[in-house]
Amino acid sequence: DPTSPFGPIKRRRGHAREDGAVQFLAVGDWGGVPDPPFATPREVATAAAMGRAATDLGADFVLALGDNFYYEGVRDEWDPRFQETFERVFTAPGLQELPWFVLAGNHDHAGNVTAQLAYGHHSPRWHFPHYYYSLRLSLPGTNASARLLMLDTVLLCGGGDDFGVGAQLAWLRGRLAAARHDRYVLVAGHYPVWSVAEHGPTACLVRLLRPLLRRYRVTAYLCGHDHNLQFLEEGGVGYVVSGAGNFVEESQHHSGAVPPGSLRFFFGAPASPGGFAHLRLDAHAATVTYLEATGRVLYRVALPPRDL
């Protein structure tokens with residue numbers, strides 16, 4: 001069953017945080033390289049900065065937005081890449097206790113995604129129970145909750161039909177309808193709906209996913225795939241692109257392909273050591289902070305609770 005395999009996420013003790021918030025780090029396209037040392041300098045710098053952010057800002061978990069292993073995923077659940085690109089890189093004290101909630105990108109689908117699902121049996125940090133799944137987040141000290149829906153956009157957009165596009169879309173519609181009392185609803189996938197960068201908007205998601213995000217008043221859609229940091233807003237939905245965990249690219253080749261005025265923030269400086277996003281959900285707002293691996297705050301935006 002792809003729904004809520006872990007129950008509500010429990011807050012971790014020992015991290016800086018105010019009461020009444022759920023906080024997490026969102027990083028995409030972080031998956032190293034297939035040759036020694038199997039991690040890029042950007043991945044190492046981003047991992048260290050994520051550890052500092054978890055300690056200083058607070059974090060309950062990490063959201064991994066796909067392309068977890070470049071360039072052809074993993075072979076099996078014992079693949080040494082799990083150690084070389086994941087376990088031995090994200091070693092900062094602030095990260096060691098945090099669960100990772102994982103989804104697959106196109107480079108993962110070039111290898112064995114079922115091996116990534118199975119790796120959860122080998123590592124207490126790695127949670128990837130199904131190609132798509134749902135997490136319920138309780139805002140402590142309040143009676144409010146949030147919902148995080150994890151998608152496989154590669155399957156949705158025709159990268160194989162193991163689970164069928166129809167089944168995933170029907171599941172998503174059902175989960176969105178069931179989330180009507182959640183204060184925030186976040187949807188995550190690898191491919192962007194809107195992006196101004198090299199890959200640009202994903203036509204299949206503009207067609208299939210965007211109408212659902214708007215109809216169900218989703219707070220934000222989080223993704224990677226383009227190797228930069230972006231924030232766009234359209235139709236009351238925030239679009240968070242966090243794909244700078246391993247590569248950084250400055251192209252805005254598709255700036256004319258997004259709705260006019262939707263792009264609010266873009267960072268893709270080629271000399272940058274990478275970056276990621278920190279999200280904080282409390283009773284009043286869902287705050288997205290974009291951080292460079294230097295620790296520099298690049299942009300911050302507060303998204304309102306849904307009208308319940």
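In which strand is the place of H278? H278 sits in strand β12, which covers residues 275-281. This is a predicted model.

**Histidine 278**

Is H278 buried or exposed? Its relative accessibility is 4%. Buried means under 20% relative accessible area, so H278 counts as buried.

What does the side chain of H278 reach? It reaches the backbone oxygen of G58, at 2.9 Å. G58 also appears among the residues in contact with H278, once neighbours within four places in sequence are left aside. The others in that list are Q23, F24, L25, L57, T287, V288, T289 and L291.

**The disulfide**

A disulfide is a covalent bond between the sulfur atoms of two cysteines. How many does the structure hold? It holds one. The bond joins C157 to C204, with an S to S distance of 2.0 Å. The angle about the S-S bond is -75 degrees, and the link is left-handed.

Where do the two partners lie? C157 is in the loop between α6 (153-156) and α7 (165-178). C204 is in helix α8, residues 203-208. The two cysteines are 47 residues apart in sequence, so their bond ties together parts of the chain that are separated by that stretch.

C223 is another cysteine, and it is in no disulfide. The nearest cysteine sulfur to it belongs to C157, 12 Å away. A disulfide needs the two sulfur atoms within 2.5 Å, so C223 and C157 do not count as a pair.

The table sets out the accessibility of these cysteines.

| Cysteine | Relative accessible area | Class |
|---|---|---|
| C157 | 26% | partly exposed |
| C204 | 13% | buried |
| C223 | 2% | buried |

The 20% cut-off explains the classes: C204 is buried because 13% falls under it. C157, at 26%, lies between 20% and 50%, so it counts as partly exposed.

**The largest pocket**

What volume does the largest pocket have? Its volume is about 270 Å³. The lining is made by 15 residues. R217, V218, G236, P304 and P305 lie nearest the centre of the pocket.

Which elements each supply at least two residues of the lining? Helix α9 (210-215) does, and so does strand β10 (237-242). By class, the lining has six nonpolar residues, five charged residues and four polar residues.

Conventions
Residues are numbered from 1 along each chain as its sequence is written. This is a predicted model: local features need pLDDT of at least 70, side-chain atom pairs count only at pLDDT 80 or more; totals for chains, interfaces and linings use all residues. Side-chain values use heavy atoms; hydrogens and water are left out. On a 1 Å grid over the protein atoms alone, a cavity is a set of points where a 1.4 Å probe fits but cannot get out, and a pocket is an open set with protein on both sides within 12 Å along at least five of seven lines; lining residues have an atom within 4 Å of a point. Grid points are joined across faces, edges and corners, and a volume is the space filled by probe spheres set on the points. Helices (H or I, at least four residues) and strands (E, at least two) are DSSP runs, numbered from the N terminus. Ala, Val, Leu, Ile, Met, Phe, Trp, Tyr, Cys and Pro count as nonpolar, Asp, Glu, Lys and Arg as charged, and the others, Gly among them, as polar. Buried means under 20% relative accessible area, exposed over 50%, partly exposed in between (1.4 Å probe, protein chains only). A polar contact is a pair of N or O atoms within 3.5 Å; within protein, one must be able to donate a hydrogen and the other to accept it, and residues adjacent in sequence count only if both atoms are side-chain atoms. Contact means heavy atoms within 4.5 Å.
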